Amino acid sequence: KELVSQKGLNILLDSPDDHKHHHGLMFALKVDGINFWEEVDGSGREVPQNTSRAIVLSNDERSEITFTSDIHWIRPEKTKVLLAEKRSITLEITKNIPAIILTWTSELSVPENRASAEISGAHYHGLGMRFIRAMDENGEFVTAGGNKGTIFRGEERLIPDTWCAYSADAGENKQVTVAMFGAPRNPGENTVWFTMKTPFAYLSATRAYHENTYVLKVNETLSLTYGVAVLDGRSGANEINKVYQYWMTQNLNKGDVP
């Protein structure tokens, strides 16, 4: 619910009055037509089963902390599990990179008592971020390839690219850049970034779930890995790309290449 820069600036907004289900950094989809995004009657629930102790690794160059959790995606008002998830979140700070870096991995699988699960969603479903109100409307989005994407409706755009970032004023004469990265090992081609800055600023890593339905079968795993970097100040594409390349290097042992 909070993610801060090296200078201590939190960039996430939790459960605002206009969208109570926006919880800072969040991950949700539709499973078998059940909506796990909103928090209204008929919505599904993501229920943690256990969370590991924090694993801390540190040396003179970098420090990181990792949490993992098993999560059951449950039908509304029932105990039937539609989807199982193993979620891993790592926070990292390193000496030569001016950013706080978060890595989020969700490994989705079908419970043994089910044959399959149909995964879909709206055009903004996936791993999303709601920014603090000071960042609304005044910022600019930039992507790795300079791609502006296509307008979906109003200010909303869908942009396929390797990474996407939002630079904005954050109040009290502070500026910040928040970048999201997609791992090449994720299924399909480039991540599709959902962006909007009015009436509020929002960025989401999607797989174009409104157009692409995934049927996940028992004994299969859908693994999705994303990075989030928070940099103080307004950063350009070159600086963001350096952070992205570093993040990719850190993920080499997981199958990604820079």
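Which residue lies over the face of Phe200? That would be Arg130, at 3.8 Å from the ring centre. Keep in mind that you're looking at a predicted model. Here's a quick tour, from the whole fold down to its aromatic rings.

**The overall picture**
- The protein's secondary structure adds up to one helix and 19 strands.
- For 258 residues, a compact globule would have a radius of gyration near 18 Å, and the protein has 18 Å, so the two agree.
- If you follow the C-alpha trace along its principal axes, the protein spans about 50 × 45 × 30 Å.

**Inside and outside**
- Of the 258 residues, 50% are buried.
- On the outside, the protein exposes about 12300 Å², with carbon and sulfur atoms supplying 48% of that area.
- Take the contacts with a separation of 6 or more: 66% of them come from residues 24 or more positions apart.

**Aromatic pairs**
- There are 13 aromatic pairs in the structure.
- One of them joins Phe27 and Trp73 edge-to-face, with 6.0 Å centre to centre and 75 degrees between the planes.
- This pair links distant parts of the chain, since Phe27 belongs to strand 1 (residues 25-28) and Trp73 to strand 6 (residues 62-74), 46 residues apart.
- Both Phe27 and Trp73 are buried.
- Phe194 and Tyr202 also pair up edge-to-face, at 6.0 Å centre to centre and 65 degrees between the planes.
- Phe194 is buried, and Tyr202 is too.

**The cluster around Phe200**
- Phe200 belongs to one aromatic cluster with Trp37, Tyr124, Phe194 and Tyr202.
- So back to the opening: Arg130 sits over the face of a ring, Phe200, that is a member of this cluster.

How values were computed: Residues are numbered from 1 along each chain as its sequence is written. This is a predicted model: local features need pLDDT of at least 70, side-chain atom pairs count only at pLDDT 80 or more; totals for chains, interfaces and linings use all residues. Side-chain values use heavy atoms; hydrogens and water are left out. Rings of Phe, Tyr and Trp (its six-membered ring) pair if their centres lie within 6.5 Å; planes under 30 degrees apart count as stacked, over 60 as edge-to-face and the rest as tilted. Helices (H or I, at least four residues) and strands (E, at least two) are DSSP runs, numbered from the N terminus. Buried means under 20% relative accessible area, exposed over 50%, partly exposed in between (1.4 Å probe, protein chains only). A charge sits over a ring if NZ of Lys or CZ of Arg is within 6 Å of the ring centre and within 35 degrees of the ring normal. The radius of gyration is taken over C-alpha atoms; the globule rule is 2.2 Å times the number of residues to the power 0.38. Contact means heavy atoms within 4.5 Å. Accessible areas come from the Shrake-Rupley method with a 1.4 Å probe; for residues, only the protein chains shown count as cover.
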